Amino acid sequence: MSATDVITPSRLKPMPVSQPVELSPKPSLIGMTREEMGAALKEKGVADKQIKMRVSQLWNWIYVRGVSDFDAMANVSNDMREMLKTHFTIARPEIVEEQVSNDGTRKWLLRFPPRGAGRPVEVETVYIPEEGRGTLCISSQVGCSLTCSFCHTGTQRLVRNLTAEEILSQLLLARDRLGDFPDREAPQGTIMPAEGRKVSNIVMMGMGEPLYNFDSVKTALLIASDGDGLSLSKRRITLSTSGVVPEIYRTGEEIGVMLAISLHAVRDDLRDMLVPINKKYPLKELMDACRAYPGLSNARRITFEYVMLKGVNDSLEDAKGLIQLLKGIPAKINLIPFNPWPGTNYQCSDWEQIEKFADFINSAGYASPIRTPRGRDILAACGQLKSESERMRKTERLAFEAMMIANHGED
Ligand code: SAH
Ligand code: SF4
């Protein structure tokens with residue numbers, strides 16, 4: 001299929017609004033660490049000696065059984081359930097829209113309630129079914145503060161970071177919708193076997209730059225990989241960054257998931273244009289950070305993503321440069337045919353050129369799968385996500401941007 005094929009969208013009817021947005025929602029237990037959950041229960045009067053047991057009960061109901069309603073917690077006493085209902089929530093976000101692509105890819109537009117004085121926000125989450133596996137592409141921010149010139153999300157200003165709860169809720173909601181949690185009637189202790197799961201892998205490749213939201217992404221991914229809960233292997237979780245060099249080491253050390261780098265160019269002058277964060281952290285620094293990534297080995301390689309842009313970065317000279325640049329780094333190369341979006345000036349490289357590029361890389365000893373575009377008809381493919389969420393008021397946005405600059409410097 002060529003990049004410019006017109007595909008008729010197959011839309012499902014919009015989902016019924018099951019959980020109207022509350023104006024001042026109760027705190028959610030989703031996304032709390034065990035310690036935070038324990039402290040929250042203690043504050044509401046749960047006795048010290050009961051806390052550990054209550055936390056593991058709740059953890060099991062929320063993450064193993066996938067319940068979104070305290071009343072379903074059969075082994076929790078009525079009084080305790082009432083207390084939980086009064087003070088907390090485990091509800092899912094509102095599904096504003098669910099679309100299913102011709103190829104089975106699903107995209108959800110989700111609405112999260114306001115935080116503090118903020119407004120409700122909307123993000124997109126995408127599920128890509130494949131032979132024997134299924135990948136959920138999760139968003140980490142509403143919009144993005146970076147402005148990669150080929151990326152649709154980059155045209156939407158950053159509204160705010162997502163909380164750990166909101167990041168995890170994307171996974172819980174997808175598993176709900178795909179039937180990936182045990183039935184309500186299944187006996188206590190039932191776990192979905194890892195092989196049979198619809199969501200077998202997750203990638204932090206939705207909207208936003210995950211390493212500009214490090215703490216929440218870390219909390220969410222540690223909960224997603226917790227062996228007594230959602231139990232996703234860290235080898236099946238990939239975090240993609242445009243190159244926030246100072247956070248790369250910590251990603252390996254503190255989260256321990258697989259790393260993907262949005263490379264897209266092998267010369268600083270071109271990368272400065274395509275991925276402007278390169279002006280702050282140029283290729284040499286980025287490659288040094290990759291070489292130092294904790295746990296890097298031939299069995300745990302870094303994925304380098306390379307979007308194929310016609311006449312921009314797709315020459316055999318570029319392919320040669322790519323091989324040179326990656327010398328000595330255990331690497332996989334992922335060629336991504338450019339996914340067009342309304343208003344872009346870029347075009348996807350011709351298929352013949354993509355194949356030549358891939359052959360060159362293969363002959364240098366790298367596997368270089370070409371990522372089949374998925375869900376293009378519903379704008380669900382890489383870099384096409386953009387929610388029409390309301391923006392922060394200008395003052396809030398300026399304050400937020402000042403905070404990001406204080407933490408990370410000007411990009
Ligand atoms: N912000 C992070 C993760 C999200 S983007 C990052 O940049 O790594 C996921 C991948 O899709 C990145 O490699 C990104 O560069 C790529 N991408 C963005 N726009 C694209 C487009 N229009 N076509 C193909 N890939 C795109
Ligand atoms: Fe942001 Fe990633 Fe898009 Fe760049 S490619 S604008 S970092 S989401």
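1. Let me start in the middle of the sheet: strand β8 and strand β9 (residues 258–262) run parallel and are joined by 4 bridges. Here T241 faces I261 of β9. From β8 the chain passes through helix α6 (residues 248–255) to reach β9, a right-handed β-α-β crossover. Right-handed is used in the sense that, with the strands pointing away from the viewer, the path from the first strand over the helix to the second runs clockwise. Helices (H or I, at least four residues) and strands (E, at least two) are DSSP runs, numbered from the N terminus.

2. A word on the basis of this note: this is a predicted model, in which local features need pLDDT of at least 70 and side-chain atom pairs count only at pLDDT 80 or more, while totals for chains, interfaces and linings use all residues. Residues are numbered from 1 along each chain as its sequence is written, chains are lettered from A and ligands numbered from 1 in the order in which they are written, and side-chain values use heavy atoms, with hydrogens and water left out.

3. On its other pairing, β8 (residues 237–241) runs parallel to β7 (residues 201–204) over 3 bridges, with I202 opposite I237. All of β8 is covered, 5 of its 5 residues being buried (under 20% relative accessible area, 1.4 Å probe, protein chains only). I237, L239 and T241 point one way, T238 and S240 the other. The link from β7 to β8 goes through helix α5 (residues 214–224), and this crossover is right-handed too.

4. Stepping back, the open sheet has 9 strands in the order β1-β2-β3-β4-β7-β8-β9-β10-β11, with mixed pairing (two strands pair if DSSP finds at least two bridges between them). Its edge strands are β1 (94–100) and β11 (331–337).

5. Do look at the β11 edge. Strand β10 (residues 302–308) is parallel to β11 through 7 bridges, and V307 stands opposite I336. With helix α9 (residues 316–325), these two strands make a right-handed β-α-β unit. Because 6 of its 7 residues are buried, β11 is largely enclosed by the rest of the structure.

6. Finally, the ligand. Ligand 1 is surrounded by 21 residues (a heavy atom within 4 Å), the closest being G208, S240, S262, H264 and N339. Polar side-chain atoms of S262 and H264 lie 2.5 Å and 2.6 Å, respectively, from an oxygen atom of ligand 1. A backbone N or O atom of N339 is 2.9 Å from a nitrogen atom of ligand 1. β8, β10 and β11 each supply at least two residues of the shell.

Terms used
Buried < 20%, exposed > 50% of the residue type's maximum accessible area, 1.4 Å probe, protein only. Polar contact = N/O pair within 3.5 Å; in protein donor to acceptor, adjacent residues only side chain to side chain.
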